[in-house]
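Here are my notes on this one, written as numbered points so you can take them in any order. Have the sequence and the model open while you read.

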Amino acid sequence: MKPPRFDYLLPSSLDEALGILAQHGDQAKVLAGGQSLVPLLNFRLVRPTYLVDLNDIPGLDGIRVDGSRLAIGAMTRQRAVETSSVVRERCPLLAEAMPQIGHVQIRNRGTIGGSLAHADPAAELPAVVAALEGELVVKSARGERVLRPEEFFLAYLTTAVEPTELLVEVRLPVAPPRTGTAFLEVSRRHGDFALVGVAASVTLDEAGVCTACALAVTGVGATPVVARQAARALVGVKPTPDAFENVARRVSGALTPDSDLHASSDYRKHLAGVLTRRALARAASRTDDAKERR
């Protein structure tokens with residue numbers, strides 16, 4: 001298949017790009033890494049009048065620590081995030097999730113902002129951002145908005161970003177001391193979208209009691225599912241196999257995933273429980289390695 005006809009626009013600044021979007025609105029599509037958009041164009045599932053290429057705009061990529069937050073520009077290539085020592089040290093959950101996105105050739109070109117804006121509910125990055133309660137920064141010619149994950153992800157392949165807006169940055173909290181994380185998923189083949197994935201974070205005090213736990217599940221709903229109530233069951237107790245099993249049952253019992261040709265609803269519920277138990281155990285085992293993280 002070949003893409004439909006469109007006018008190709010190559011802005012050289014963020015203001016120019018936002019001006020184009022303000023003028024053309026939903027007639028325009030933005031091109032970041034193209035790993036999702038180009039196939040949609042080739043199958044003619046999207047038919048924009050204008051294609052706005054963001055790749056010549058300076059300042060939209062980069063990784064920096066901003067106080068207690070790790071800030072990542074939306075045009076930062078996924079491979080750059082994957083190989084960043086700053087990400088590994090300050091946000092290990094994100095670092096562990098990155099290699100599970102597609103194949104290295106995809107990550108060489110794909111961007112962190114492009115994956116989040118595409119909002120596939122089986123993707124890894126939305127689950128990480130949701131679990132960590134990150135912030136998503138969107139801009140338009142009128143100004144800037146900072147959205148929480150539950151405000152940003154609305155439905156399947158749908159976000160709160162307006163046609164005149166761009167996602168420009170994602171901000172994630174720096175992992176505190178004695179925090180271990182883990183990201184696990186099951187897919188039919190390496191590089192496929194996950195049938196189910198689980199992002200987990202566990203923080204312990206000096207006595208080994210859990211003081212904070214976060215869980216998000218991907219592949220089981222129209223958006224990432226944040227299992228806040230289930231995660232709270234681990235807070236105030238020591239991380240043990242029985243405690244992990246209790247949380248896993250709560251996660252599995254609260255889900256109502258759809259069945260499709262890849263997996264039944266019951267199988268996805270089962271996977272969510274198994275992966276939750278394993279992810280919590282792995283995260284808790286890593287807390288000793290994170291005692292001095294700042």
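1. How much area does the protein expose, and what share of it do carbon and sulfur atoms supply? The exposed area is about 13,800 Å², and carbon and sulfur atoms supply 49% of it. Areas here come from the Shrake-Rupley method with a 1.4 Å probe, and for residues only the protein chains shown count as cover.

2. A word on the source: this is a predicted model, in which local features need pLDDT of at least 70 and side-chain atom pairs count only at pLDDT 80 or more, while totals for chains, interfaces and linings use all residues. Residues are numbered from 1 along each chain as its sequence is written, and side-chain values use heavy atoms, with hydrogens and water left out.

3. On overall form, the C-alpha trace spans about 60 × 45 × 30 Å along its principal axes. The radius of gyration is 19 Å, which agrees with the value near 19 Å for a compact globule of 294 residues. That radius is taken over C-alpha atoms, and the globule rule is 2.2 Å times the number of residues to the power 0.38.

4. The protein has 12 helices and 14 strands; these are DSSP runs numbered from the N terminus, with helices being H or I of at least four residues and strands E of at least two. Of contacts (heavy atoms within 4.5 Å) between residues at least 6 apart in sequence, 63% join residues at least 24 apart.

5. Buried residues make up 51% of the 294. Buried means under 20% relative accessible area, exposed over 50%, and partly exposed in between, with a 1.4 Å probe and protein chains only.

6. For charge, I have 35 positive and 33 negative side chains, with the centres of the two sets 4 Å apart. Lys and Arg count as positive and Asp and Glu as negative, leaving out His and the chain ends; the charge is placed at NZ of Lys, CZ of Arg, CG of Asp or CD of Glu.

7. Now the inside. The largest nonpolar core has 34 residues, and Leu94, Leu116 and Val170 touch the most other members. Such a core is a set of buried Ala, Val, Leu, Ile, Met, Phe, Trp, Tyr and Cys residues joined through side-chain atoms within 4.5 Å. Elements that each supply at least two residues of this core include S5 (69-73), H5 (92-97), H7 (112-118), H8 (124-131), S6 (135-140) and S10 (166-173). H8 gives the most, with 6 residues. Apart from this core lies another, of 30 residues, among them Leu195, Val196, Val220 and Leu280.

8. Val170 deserves a click. Leaving aside residues up to four places away in sequence, Val170 touches Leu70, Ala71, Ile72, Ile112, Leu116, Val129, Glu135 and Leu136.

9. Is H8 mostly covered or uncovered? Mostly covered: 8 of its 8 residues are buried, including Glu124 and Pro126. Just after H8, Glu133 takes a positive phi of about 55°.

10. Two more backbone spots to check. Ala119, in the loop between H7 and H8, has phi near 60°, a positive value in a residue other than glycine; at 4% relative accessibility, Ala119 counts as buried. Arg44 has a positive phi near 55° and is found in the loop between H2 (37-42) and S3, where, at 33% relative accessibility, Arg44 counts as partly exposed.

11. Some loop residues. Asp192 lies between S11 (179-186) and S12 (196-204) and counts as partly exposed at 21% relative accessibility. Asp192 touches Glu185 and Ser187, not counting residues up to four places away. Its C-alpha is 8.9 Å from that of His103, although the two are 89 residues apart in sequence. Pro176, in the loop between S10 and S11, is partly exposed at 39%, with its C-alpha 7.8 Å from that of Thr203, 27 residues away in sequence.

12. Lastly, Asp61 and Lys269. Asp61 sits in the loop between S3 (50-53) and S4 (63-66) and touches Gly73, Met75 and Thr76, not counting residues up to four places away in sequence. Lys269 lies in H12 (265-285); with the same sequence neighbours left out, Lys269 touches Ser252, Gly253, Leu255 and Pro257.
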